[in-house]
Amino acid sequence: EDPNLTDVVAESYNRIVKTYDEIGIDGGWREGAGYGFHTVHVAMYFADALKRITNGEFNIFDHPKLETFAKFPLYISAPPNKSAKFGDSSAGRYSSATMSGKLALETGNNLWAWINKNWCGTPGDIFHIIWAAHNVEPQLPSGTSHHFRKIDWITMRSDFSDPEKVTVICKAGKNDDTHHGHLDVGQFMVYWRGVDYICDHGAAAYDEKFFDPEKYDTPQASSRGHNLIFVNGEQQISGSNYHEPIDENIGGEVLEFRPGKDRDYTLMDPTNAYPKKELKKWRRHIILEKPVITVVVDEVESEKGAEIEARFHSKCEQIVKDGYTLLHGKDGDIAMIPVIDGDFTFRPAGHAYQALQKNVRFQWIPYNGTVLHAPGNRTVIAHIILPVTGDSEARAIVNSAERSFDNTGNFILSFVKKGEMYRYMFKKEKDGLKFE
């Protein structure tokens with residue numbers, strides 16, 4: 001009846017297809033899980049209607065990225081019901097009975113069928129009646145750890161469903177999303193027993209200034225509110241400032257991801273996310289010694305004597321002890337143990353935050369920093385992060401921890417837990433250390 005409708009439908013089809021084209025080769029969506037889920041979900045209703053009225057000639061469900069996208073909610077999840085809160089995302093697991101069932105039906109993808117069966121429970125909307133049920137066999141992918149290469153996010157884990165096993169999620173990528181991105185290159189999280197012991201705080205409130213340059217004044221979006229390295233307080237910068245061209249060089253990259261049966265390893269270089277006036281270079285190594293031990297080694301280049309802070313945020317109470325920090329959760333404790341040559345101190349502090357909205361309460365967001373002064377132009381900082389049964393076990397690990405450099409510049413870190421020796425060798429190469 002309205003000839004303009006054909007143009008509207010055609011333009012909608014083209015834009016949705018181009019949007020789905022932006023899903024990464026490994027399933028990632030740079031804006032985060034919330035916006036990735038929303039982007040795929042809301043377009044499905046249009047896709048279904050268009051497929052019906054054109055008798056399948058225009059079928060958006062044939063887009064190959066819809067199968068790939070199934071990996072995103074799965075791999076950024078942490079059992080039993082959490083998800084990585086990078087960018088403006090929330091903590092909950094992203095799933096929908098209607099969406100996963102429909103995508104399993106249309107794509108025949110085993111992972112969408114697994115999500116539908118294991119995460120979604122009873123469907124809650126009318127489209128479960130309108131759309132046919134699928135009969136696809138549920139199946140998980142063979143690997144438990146994953147690198148989303150387009151966005152440079154990495155998840156390291158032993159298992160998709162056991163909360164007794166630690167999940168580590170970290171990211172590099174570009175600081176080029178003014179709307180929903182955060183200045184958080186090098187950020188990582190540690191989940192255990194359903195709790196983010198090392199956490200990301202997700203989105204700030206969408207108040208009247210959140211989508212203005214003042215967004216980066218909030219601790220949630222600025223680098224100061226993330227688990228990063230700070231040299232003389234220098235923070236990361238945005239490559240996508242308002243009313244300015246995008247600088248695609250601003251950000252970091254994953255240099256290596258090496259998954260394994262017993263151990264996963266990630267090496268990131270976040271250097272280009274900084275102005276590089278104080279922090280000259282930074283490489284972050286993260287090892288998950290399966291199932292529960294996390295080792296973080298930071299290589300930092302700066303002026304001699306500069307103050308270096310490794311900052312950590314947690315959803316648990318952070319209790320400073322002699323030589324380590326206890327992350328005290330209601331279902332267990334994790335010790336965060338620095339292994340550093342020379343003197344260091346802990347700096348418990350916090351961020352003041354109050355959204356520009358009516359009747360909003362003031363928030364104090366606590367964190368703790370490991371602080372030292374650079375003994376030279378290059379500083380290596382190690383942290384061991386692992387569950388403990390009490391102060392005596394944590395103290396024994398602290399006392400056993402050793403670090404050294406051999407005569408060729410290789411870095412060796414070791415410690416003992418319950419009689420078992422853990423030893424890590426990082427070989428010196430031209431651009432820095434590399435885990436052997």
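A residue is called partly exposed when its relative accessible area falls between the buried range, under 20%, and the exposed range, over 50%. In this predicted model, Arg395 is partly exposed at 23%, and Asp391 is likewise partly exposed at 39%. The two side chains form a salt bridge, with the closest N and O atoms 3.9 Å apart. Both residues belong to helix α8, where they sit 4 residues apart, or about one helical turn. An α-helix has 3.6 residues a turn, so residues three or four places apart point the same way.

Other residues of helix α8, which spans residues 391-400, are buried: Glu393, Ala394, Ile397, Val398 and Ser400. The buried residues of α8 pack against four strands, namely β17 (332-339), β20 (378-388), β21 (402-405) and β22 (411-417).

Strand β21 also takes part in a salt bridge, this time between Asp341 and Arg403, at 3.7 Å from N to O. Asp341 lies in the loop between β17 and β18 (345-353) and Arg403 in strand β21, so this pair ties together parts 62 residues apart in sequence. Asp341 is partly exposed at 49% relative accessibility, whereas Arg403 is buried at 14%.

Helix α5 (residues 97-107) offers a further pair, Lys102 and Glu106, placed 4 residues apart, about one turn of the helix. Their side chains meet in a salt bridge of 2.8 Å, N to O. Lys102 is buried, with a relative accessible area of 4%, and Glu106 counts as buried at 17%. Both residues belong to a salt-bridge network that also links Asp48, Lys51 and Arg52. Across the whole structure, the search finds 26 salt bridges.

Terms used: Residues numbered from 1 in each chain as written. Predicted model: local features only at pLDDT ≥ 70, side-chain atom pairs only at ≥ 80, totals over all residues. Heavy atoms only, no water. Buried < 20%, exposed > 50% of the residue type's maximum accessible area, 1.4 Å probe, protein only. Helix = DSSP H or I, 4+ residues; strand = E, 2+ residues; numbered from the N terminus. Contact = heavy atoms within 4.5 Å. Salt bridge = Lys/Arg side-chain N within 4 Å of Asp/Glu carboxyl O.
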